[in-house]
Amino acid sequence: MFPARIAARTPFEAMPVPTALTAPRAALSVLAHMQGLTPFLSTDWADLEDLNARHRSSWFELLPRPASAPCLWIGLENSAGEVVAAQAAILLDCTGKSYGARLEAMTAFYDDPGTAEASGAWCFSASPEAREARGKVAMMSSGWVHPDWRGGHRDLFHLSGRLNRLAVLARWAPDWLVALVDPNVSRLWTEKAVGQRHMDRHATILFHQPGEGRLRLHLMRFRPDDVTADLQRRAFSPQTAPLADCRPGTL
């Protein structure tokens, strides 16, 4: 449908990664292929926006993103060429201002916060952990699984999340990984499911997004070393260890 955009997608297996992520990349890729899905990496945000627009009945509107911020997203594509799961991330420079400060200034969302404010946008952050996050901060967002691919033993939400976090580590080597989590899905982000992380107990961030209304959000924060440890545990667990040396098409 969009040949230029599809051609811009990079097979996940072809993405360069540091040695510590080689086995996790192989294991996660095979887990996707075992379900008849092909993972890919894209930096075409317009492609993600189009996908979001076509599936708005089952997907929240994307959070706004500064056009100047580097971005990437991971997709899982079925044999018909349809994307059935996605997760995305943007990279924010929080050297001069912490992530929490950038949230309140709305530069985490907009290149021109003043224009956005005039349209009704505002943000309030009461999270100490958001204010502590400085340096290169990768903000993850836009998690979605097609309704026909939810449930059962697929767990595509966490699979695509790990693919996304692995791509973030490999491409950007951030100081922190963060996410703004809706209370309705905060229960999915347990340490058992995603590894060691901090999750604000209460919704400490309020963001008024024009067209969507006031969003109540939890701050979630990962240390890169903890993400790497979770990815390695997943790769070398009894369920997936035999897959680490496999490649798609060899099973």
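How many bridges join strand 8 to strand 10? Two, and these strands run antiparallel. Strand 8 covers residues 198-199. Some ground rules before we go on.

This is a predicted model, where local features need pLDDT of at least 70, side-chain atom pairs count only at pLDDT 80 or more, and totals for chains, interfaces and linings use all residues. Residues are numbered from 1 along each chain as its sequence is written, and side-chain values use heavy atoms, with hydrogens and water left out.

Now the words. Helices (H or I, at least four residues) and strands (E, at least two) are DSSP runs, numbered from the N terminus. Two strands pair if DSSP finds at least two bridges between them.

Let's start with strand 7, residues 176-181. Is strand 7 buried or exposed? Six of its six residues are buried, so strand 7 is largely enclosed by the rest of the structure. Buried means under 20% relative accessible area, exposed means over 50%, and partly exposed is in between (1.4 Å probe, protein chains only). In a regular strand, side chains alternate between the two faces of the sheet. Here both faces are covered. On one side sit Trp-176, Val-178 and Leu-180. On the other sit Leu-177, Ala-179 and Val-181.

What does strand 7 pair with? Take strand 6, residues 135-145. Strands 6 and 7 pair in the parallel sense, over four bridges. Met-140 has Ala-179 in strand 7 as its bridge partner. Add helix 7, residues 156-172, and you get a right-handed β-α-β unit: strand 6, helix 7, strand 7. For right-handed, point the strands away from you; the path from the first strand over the helix to the second then runs clockwise.

Next, strand 10, residues 213-222. Strand 10 pairs with strand 7 in the antiparallel sense, over five bridges. Leu-177 stands opposite Phe-222. Val-178 stands opposite Arg-221. From strand 8, Met-199 stands opposite Met-220.

Then there is strand 9, residues 205-209. Strands 9 and 10 pair in the antiparallel sense over five bridges. Ile-205 has Leu-217 as its bridge partner in strand 10. These two strands form a hairpin with three residues between them. In that hairpin, Gly-211 takes a positive phi near 95°.

Two residues of strand 10 deserve a slide each.

First slide: Phe-222, in strand 10. Phe-222 is buried, with a relative accessible area of 0%. What does Phe-222 contact, leaving aside neighbours within four places in sequence? Its contacts include Met-140, Trp-176, Leu-177 and Trp-189. Contact here means heavy atoms within 4.5 Å. Arg-165 is also one of the contacts. Phe-222 and Arg-165 are 57 residues apart along the chain, and their C-alpha atoms are separated by 9.8 Å.

Second slide: His-218, also in strand 10. His-218 is buried too, with a relative accessible area of 8%. Which backbone oxygens lie by polar atoms of its side chain? One belongs to Asp-200, at 2.9 Å. Another belongs to His-202, at 3.3 Å. Leaving aside neighbours within four places in sequence, the contacts of His-218 include Ala-179, Leu-180 and Val-181. Met-199 is among them as well.

Last stop: helix 3, residues 45-54. Its buried residues include Trp-45, Leu-48 and Leu-51. What caps the N-terminal end of helix 3? Asp-44 does: a side-chain oxygen lies 3.1 Å from the backbone nitrogen of Ala-46.

How values were computed. A polar contact is a pair of N or O atoms within 3.5 Å; within protein, one must be able to donate a hydrogen and the other to accept it, and residues adjacent in sequence count only if both atoms are side-chain atoms.
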